[in-house]
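User: Could you take a close look at the nonpolar core of this chain and describe how it is put together?

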Amino acid sequence: MIIGFTHNTSKRLARIFCRRFRHCAVIFEPIDTGDGYLMIQIASDGIKLINMRQESLTRLEQHGWVFVRTNVPGNPAKMHIGLLTCVGFAKRALGIRNIFIQTPYGLYRRLTKK
């Protein structure tokens, strides 16, 4: 599973309280032999599933996204969405239960610490 981080967000509170990364997204890597990625985007207007290819990840990197690969396999079919924050969903996907991680930058620091 890949977690993507960006400075761009549509949420006003994130712009006020988050100085570094303001949004994160869960990206599931190809399952079996498929070469596509599935990005689950939590936005102010709901949940978006975006099918992507490797070129899309490269293009997002060129626009300031930072990606952290994790060793958590993740399966989008088993995910249920209960929290409507990007950090809450990413923590659930990763199996992190730390209540002190509330911002995308806090999650980024936790993932890059290891």
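Analyst: What follows goes from the chain as a whole to its core. This is a predicted model, in which local features need pLDDT of at least 70 and side-chain atom pairs count only at pLDDT 80 or more, while totals for chains, interfaces and linings use all residues. Residues are numbered from 1 along each chain as its sequence is written, and side-chain values use heavy atoms, with hydrogens and water left out.

The chain has four helices and five strands, in the order β-α-β-β-β-α-β-α-α from the N terminus; helices (H or I, at least four residues) and strands (E, at least two) are DSSP runs, numbered from the N terminus. Of its 114 residues, 36% are buried, that is, under 20% relative accessible area with a 1.4 Å probe, counting protein chains only.

The largest nonpolar core (a set of buried Ala, Val, Leu, Ile, Met, Phe, Trp, Tyr and Cys residues joined through side-chain atoms within 4.5 Å) has 21 residues, and those with the most contacts inside it are I3, F5, C24, V26, L107 and L111. Two or more residues each come from β1 (2-6), β2 (23-28), β3 (37-43), α3 (86-94) and α4 (104-113), with the largest share, six residues, supplied by α3.

Beyond its neighbours within four places in sequence, F5 is in contact (heavy atoms within 4.5 Å) with F21, H23, C24, G64, W65, V66, V68, P104, L107, Y108 and L111. Apart from this core lies another, of nine residues, including A25, I27, M39 and M52.

Conventions. Buried means under 20% relative accessible area, exposed over 50%, partly exposed in between (1.4 Å probe, protein chains only).
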